[in-house]
Amino acid sequence: MGKRGRSRTESGELDLGSGSEPQYMKGPLGIKRRKRTPFSQRERLGHETPGSVLRGPAITVTCECGEVVELRYGDRWTCPSCDRVYDTERIPRDQYEKLRKTQFRFRMLPIILGVVSISLAIFFTLTGNIFAVFILLPSVIVMWFMILRRPHRRAFQKAISDLPTWDLRAESK
Ligand SMILES: [Zn+2]
């Protein structure tokens, strides 16, 4: 009788595997064409709840009965269908911290980039150098979307997939 639920934290609900590889479909004349990803599914690091950057990514717990819930580290959860109790504090704190720090580090890059370019834009605006703003902002946007975003996301996914997943056992009553 395995009272086991699988627990896995996926970097704030990051769906690993989907969208990372380009998908191909056969076009006319048998030419391989890259399937377009709907805009809403592109390049996001997770559709997470606010605050997950500082408080750490959600932990997805799948109960043995099939119930799925997303918890914060430290939460205790009683499955509404089968009354099994899960305690996320059974996940080793240092391992969770490692995951939280990894996520945080990767989140900071776009934020820093944004803050630096906005500061520069304000600086150039105040010094009357409006022309520079028109050069600077488009370059930053192009640089991020065309050059940095893919490798950044790939590195993030790799860093996350190197981290462990845990088997969280339900508490015996
Ligand atoms: Zn259950």
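What follows walks through a predicted model of a single protein, from overall layout to individual residues.

Start with the big picture. The protein is built from three helices and eight strands, and reading from the N terminus the order is β-β-β-α-β-β-β-β-α-α-β. Of its 173 residues, 14% count as buried. As for contacts between residues at least 6 apart in sequence, 58% of them join residues at least 24 apart.

Confidence deserves a quick look before the details. The average pLDDT is 75, and 67% of the residues score at least 70. Residues 1-24 have a pLDDT below 50, yet the model gives this stretch 63 contacts beyond near neighbours in sequence. Residues 37-48 also stay under 50 in pLDDT, here with 15 contacts beyond four places in sequence. Where pLDDT is low, the predicted coordinates should not be read in detail.

Now for the core. The largest nonpolar core has eleven residues: Ala58, Ile59, Val61, Cys63, Trp77, Tyr86, Ile91, Tyr96, Leu99, Leu168 and Ala170. Two elements, β4 (59-62) and α2 (93-126), each give two or more residues to this core. As a general point, nonpolar side chains in soluble globular proteins tend to be buried together.

Strand β4 shows a neat alternation. Ile59 and Val61 point to one face and are buried, whereas Thr60 and Thr62 point to the other face and are not. Strand β4 runs antiparallel to β5 (residues 68-71), with four bridges joining the two. Within that pairing, Thr60 sits opposite Glu70 of β5, and Thr62 has Val68 as its bridge partner. The β4-β5 hairpin has five residues between its strands, and in it Gly66 adopts a positive phi near 105 degrees.

A positive phi also turns up at Asp83, at about 65 degrees, even though Asp83 is not a glycine. Asp83 belongs to the loop between β6 (76-78) and β7 (85-87). It has 11 C-beta neighbours inside 10 Å, so Asp83 counts as exposed.

On to the helices, beginning with α2. This helix has 34 residues and spans 47 Å from its first C-alpha to its last, close to the 50 Å expected at 1.5 Å a residue. There is a bend of about 25 degrees at Met108, and a proline, Pro110, follows within four residues. The buried residues of α2 are Tyr96, Leu99, Arg100 and Gln103. The spacing of such positions can be read against the helical repeat: an α-helix has 3.6 residues a turn, so residues three or four places apart point the same way. After α2 comes Gly128, with a positive phi near 80 degrees.

Helix α3 (residues 130-161) is 32 residues long and reaches 44 Å between its first and last C-alpha, close to the 46 Å expected at 1.5 Å a residue. It carries a kink of about 55 degrees at Leu148, shortly before the proline Pro151. Of the 32 residues of α3, the number buried is two, so this helix lies largely in the open.

Two residues of α3 help to place the helix relative to other parts of the chain. Trp144, which lies in α3, is partly exposed, because 16 other C-beta atoms lie within 10 Å. Leaving aside neighbours within four places in sequence, Trp144 is in contact with Pro110, Leu113 and Arg149. Pro110 is the proline that follows the bend at Met108 in α2. The C-alpha atoms of Trp144 and Gly114 are 9.8 Å apart in space, with the two positions 30 residues apart in sequence numbering.

Ala155 is the other α3 residue to look at. With 12 C-beta neighbours inside 10 Å, Ala155 counts as exposed, because the cut-off for that class is 12 or fewer. Even so, the C-alpha atoms of Ala155 and Phe106 are separated by 8.7 Å, although these residues are 49 apart along the chain.

Conventions:
Residues are numbered from 1 along each chain as its sequence is written. A nonpolar core is a set of buried Ala, Val, Leu, Ile, Met, Phe, Trp, Tyr and Cys residues joined through C-beta atoms within 7 Å. A residue is buried if 20 or more other C-beta atoms lie within 10 Å of its own, exposed if 12 or fewer, and partly exposed in between; C-beta atoms are placed from the backbone. The expected span of a helix is 1.5 Å times one less than its number of residues. The bend at a residue is the angle between axes fitted to the seven residues ending there and the seven starting there. pLDDT is the predictor's confidence in each residue, from 0 to 100. Two residues are in contact if their C-beta atoms, placed from the backbone, lie within 7 Å. Two strands pair if DSSP finds at least two bridges between them.
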